[in-house]
Amino acid sequence: MNGILDALWSMEFGAALLGALAGGGFTMLGSWFQARSSNRAANLAMAKAHAQRAFDAITQLKLILDSSTITGLGTHRSRDEWNRELRTHLTAARGAIMLLPNEYRETRLPSLMILRMTREYQGSPVWIDYQVGTDILLSEVRSYLGSLIRGSAVPKGRDMKQAVEHEVMIQQQARWAEELQHLQLAGEMGQTDADDAEREDELRGLLQLPAIPAPNHPADDSGEGAPVSDG
């Protein structure tokens, strides 16, 4: 009898022990998942904070770029002032972007690459073309950082050199067309000279428009300019 009781007690004890171990294991597993989830949330929050700092620095730089009133090639002083602002804000942006962990390298790597393409202004090309190209580059980096901050998909990569050249050309053609229209209106009012006519021909060539044929001057009554007869 005692042997049967001992066996039953041993079975109940063993089942209880296994239950306790299993319960403890599930508790430990749950704790591990919870800790991992908390770490991922903390890493994401930190990554978004870094991205936001870089985004803010580039946004401020874009505002300075858009409000700059440099004309032509600029002066030594105006170029120095812009380049100083450029270095300051790009350094802040790069520092924050470099802190993004490898989990967000699809944002970090292209952003740093595009920022390396953003050059200081040395007087070439003309400021307005440099302004357009630099704005395209800064806007692209903001697009990458903004997608991380919002939690949306990473933008599809593109050839930024080609994108800049394309946009600069579009802006140039718009300026040429506007200048040509102004010269044509001035010509209709008789307010142009030989230099203006030469510039109009140059603009037509840049815009790949047909040249205006030279006017035909009819022969006068004296017979000058009339074809000469062989007879």
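**Exercise 1. A charged patch**

Task: Which residues gather in a patch of negative charge on the surface, and where does glutamate 198 sit?

Solution. Start with the patch: Asp193, Asp195, Glu198 and Asp201 come together on the surface as a patch of negative charge. Keep in mind that you're looking at a predicted model. Next, pick out glutamate 198, which you'll find in helix H6, covering residues 194-206. Now check its surroundings: its relative accessible area is 54%. Exposed means over 50%, so glutamate 198 counts as exposed.

**Exercise 2. The overall layout**

Task: How many helices and strands does the chain have, and what percentage of its residues count as buried?

Solution. Count the elements first: there are 6 helices and 0 strands. Walk along the sequence and you get the pattern α-α-α-α-α-α. Then turn to burial: the chain has 231 residues, and 28% of them count as buried. For the outside, the accessible surface of the chain is about 15900 Å², with 57% of that belonging to carbon and sulfur atoms. Last step, contacts: take those with a separation of 6 or more, and 67% of them are between residues 24 or more positions apart.

**Exercise 3. A bridge between two helices**

Task: Which residue does aspartate 135 meet in a salt bridge, and is each partner buried, partly exposed or exposed?

Solution. Begin with the total: a search of the whole structure turns up 7 salt bridges. In one of them, the side chain of aspartate 135 meets that of lysine 62, at 2.5 Å from N to O. This pair ties together distant parts of the chain, since aspartate 135 is in helix H4 and lysine 62 is in helix H1 (residues 2-67), 73 residues apart. Now sort the partners by accessibility. The cut-off for buried is under 20%. Lysine 62 has 11% relative accessibility, so it counts as buried. Aspartate 135 has 21%, so it counts as partly exposed.

**Exercise 4. Two bridges that use helix H2**

Task: Which residues form salt bridges with glutamate 81 and with arginine 87, and how far apart in sequence are the partners?

Solution. Take glutamate 81 first. Its partner is arginine 77, and the closest N and O atoms are 3.2 Å apart. Both residues are in helix H2 (residues 76-98), and because they are 4 residues apart, about one helical turn separates them. Glutamate 81 is partly exposed at 36% relative accessibility, while arginine 77 is exposed at 65%.

Now for arginine 87. Its side chain meets that of glutamate 120 in a salt bridge, at 3.1 Å from N to O. Here the pair joins distant parts of the chain: arginine 87 is in helix H2, glutamate 120 is in the loop between H3 and H4, and they're 33 residues apart. Check the accessibility too: arginine 87 has 41% and is partly exposed, and glutamate 120 has 32% and is partly exposed.

**Exercise 5. A cis bond and a nonpolar patch**

Task: What kind of peptide bond joins serine 124 and proline 125, and which residues form a nonpolar patch on the surface?

Solution. Look at omega for the bond between serine 124 and proline 125: the angle is about 0°, and the bond is cis. Proline 125 belongs to the loop between helix H3 (105-117) and helix H4 (127-150). For the second part, Leu73, Val126 and Ile128 make up the nonpolar patch, and together they have about 220 Å² of accessible area. Leucine 73 is located in the loop between H1 and H2. With a relative accessible area of 45%, leucine 73 is partly exposed.

**Exercise 6. Sequence versus space**

Task: How many Å separate the C-alpha atoms of glutamate 179 and glutamate 200, and those of glutamine 60 and glutamate 85?

Solution. Glutamate 179 is in helix H5 (residues 160-188). Along the chain, glutamate 179 and glutamate 200 are 21 residues apart, and their C-alpha atoms are 8.5 Å apart. Leaving out residues up to four places away in sequence, glutamate 179 touches Arg199 and Leu203. Its relative accessible area is 31%, so glutamate 179 is partly exposed.

Move on to glutamine 60, in helix H1. Glutamine 60 and glutamate 85 are 25 residues apart in sequence, with 9.7 Å between their C-alpha atoms. Glutamine 60 is partly exposed, with a relative accessible area of 38%.

How values were computed: Residues numbered from 1 in each chain as written. Predicted model: local features only at pLDDT ≥ 70, side-chain atom pairs only at ≥ 80, totals over all residues. Heavy atoms only, no water. Helix = DSSP H or I, 4+ residues; strand = E, 2+ residues; numbered from the N terminus. Buried < 20%, exposed > 50% of the residue type's maximum accessible area, 1.4 Å probe, protein only. Contact = heavy atoms within 4.5 Å. Areas by Shrake-Rupley, 256 points an atom, 1.4 Å probe, with all protein chains shown as cover. Patch = residues over 30% accessible without salt bridge, like charges linked within 9 Å, V, L, I, M, F, W, Y side chains within 5 Å. Salt bridge = Lys/Arg side-chain N within 4 Å of Asp/Glu carboxyl O. Lys, Arg positive; Asp, Glu negative; His and termini not counted. Charge placed at Lys NZ, Arg CZ, Asp CG, Glu CD.
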